[in-house]
Amino acid sequence: MNDLTPIKEVDLNKQSWTSPKDKSDRFIPRNVQSNLYQLFMSEENSQGTLYNNLLQSSILGKSPTVNQKLFNYKTENKQNEMNKIINNGLKFSATPTKVEPEKPPRKINKRPYKILEAENLQDDFYLNLLDWSPFNALAVGLENSVLIWSGHTSKVSRLCTLEDPDMVCSVAWSQRNQHLSVGNSMGEVEVWDVAKQKVIRKWNGHQGRIGSLAWNNYLLATGSRDRNILVRDVRCPNESIQKYIGHKQEICGLKWSFDEQLLASGGNDNKLFIWSLKNQGELTHFSQHQAAVKAIGWSPHQHNIVASGGGTADRCIRFFNTQTIEQVDCIDTGSQVCNLMFSKNSNELVSTHGYSLNQIIVWNYNNMSKVATLTGHTQRVLYLSGSPCGQNIVTGAGDETLRFWNVFPQSASKNDHGITRAETIDLR
């Protein structure tokens, strides 16, 4: 098997952004005195005297006097008297309303800041071959090998090579340590201690390839072509502690909720299942999708909201509330939805797509408007993972490239392990 090969450095041209011109919406009335006088004091009107008497009595507290004008235009008191009547009678605020200028759109570079060639990266919708660890290491499954790219040193190492005809079908990092789980085509899963370069757990139990993996603290969920989900505790050498049965076809997506209580699974049967860790079984399932469900993302801001995306015959991103057990929104993206991920730093999410547009879309979750559309992959964008800092993402496609993008704003608490400079990596 050939290793990853270097590529040409991407020429990034910064785009110019201009802010919209400030505009004032404040209305300043003119000739108020003249207008009020003409309205209420017309001597030619037969009821002018009546208006005159009423205004003097109710506003100025004076007894009506024949031919006495409502306003005595003394130079030092004219404006003060007018302001008093307006403020007391019409309840206008003396403090002008502050009009906030519109913020310019956030700049998102439409080009990746890094591209790696990933020879033999499989074009298979049901696999999950890319994951970025909390310790800034990227794991990539290429045929029967797992490669580790270091975000600190930009160097690559080969973690393992499976014996033929076995193939790598999924990789996933633990969120607590440098443990990496690897699912293979024989229905086995290995847990590697990457720092020590050794296997600490190896489990059987599935009757088909393991295309999906998801960590929850010390628990690891595995989804297989045999339609079953097994949950194991990495601290225990024994078999699964829970088994979830419900899907009718291959499982291709798994994600734990941020409160670690619910597991969402998507399958080729077009179903999205929600499993309860506490109740050890199904909480509910949703059947609105019209194609396979691989893309799953939980909101880090609203833990009861889960998003899922459908395949080519569906093309929709659907949002579900796991408390009310109902669909709360649906967006037709016009293209196969391969991955979904919410931003940790803002109320946004990113989706990657396949047939037929092969694009990456950043969405504003408040109104599901498009913040940016990123293109460059020439085949469907099957793989997605986020950097530890929450600003960057990496995408993988059937075109055998990995592309790194800076898409989300910086976190308020800066702990930046991301890389934002353009570079070419030689991974040998």
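## Working through the strands

UniProt, in an unreviewed entry, puts the feature "repeat: WD" at residues 244-285 and 374-407. Keep in mind that this is a predicted model.

**Exercise 1. Take the stretch 374-407 and work out its helix and strand content, plus the distance between its end C-alpha atoms.**

Start with the secondary structure: the stretch is 0% helix and 47% strand. Then check the ends, where the C-alpha atoms lie 10 Å apart.

**Exercise 2. Find the order of the strands in the open sheet that holds β14, β15, β16 and β17, and say which strands sit at its edges.**

Step one is the order, which reads β14-β15-β16-β17, with antiparallel pairing. Step two is the edges: β14 (251-256) and β17 (281-286) each pair on one side only. From one strand to the next, the twist averages 25°.

Now zoom in on the middle. β15 (residues 262-267) and β16 (residues 272-276) run antiparallel and are joined by five bridges. Within that pair, Leu 263 has Trp 275 of β16 as its bridge partner.

**Exercise 3. Do the same for the open sheet with β10, β11, β12 and β13.**

The order here is β10-β11-β12-β13, and the pairing is antiparallel. At the edges you'll find β10 (210-216) and β13 (242-245), each paired on one side only. The strand-to-strand twist averages 20°.

Inside the sheet, five bridges connect β11 (residues 219-224) with β12 (residues 228-233) in the antiparallel sense. Leu 220 faces Arg 232 of β12 across this pairing.

**Exercise 4. Decide whether the residues of β20 are buried or exposed, face by face.**

Recall that side chains in a regular strand alternate between the two faces of the sheet. On one side of β20 sit Cys 316, Arg 318 and Phe 320, and on the other Ile 317, Phe 319 and Asn 321. With buried meaning under 20% relative accessible area, both of these faces turn out to be covered. That fits the tally for residues 316-321: six of six are buried.

**Exercise 5. Trace the pairing of β20 with β19 and with β21, and pick out the positive phi in each hairpin.**

Begin with β19 (residues 305-310), which runs antiparallel to β20 and is joined to it by five bridges. Ile 305 stands opposite Asn 321 here. Five residues separate the two strands in this hairpin, and Arg 315 has a positive phi near 65°.

Next comes β21 (residues 326-332), paired with β20 over six bridges, again antiparallel. Opposite Cys 316 is Asp 332 of β21. This hairpin has four residues between its strands, and in the turn Ile 325 takes a positive phi of about 55°.

Note on methods:
Residues numbered from 1 in each chain as written. Predicted model: local features only at pLDDT ≥ 70, side-chain atom pairs only at ≥ 80, totals over all residues. Heavy atoms only, no water. Buried < 20%, exposed > 50% of the residue type's maximum accessible area, 1.4 Å probe, protein only. Pairing = 2+ DSSP bridges. Axes fitted to C-alpha atoms, helices over the stretch in contact; angles between N-to-C directions. UniProt positions renumbered as here; feature names shortened; annotations may be inferred.
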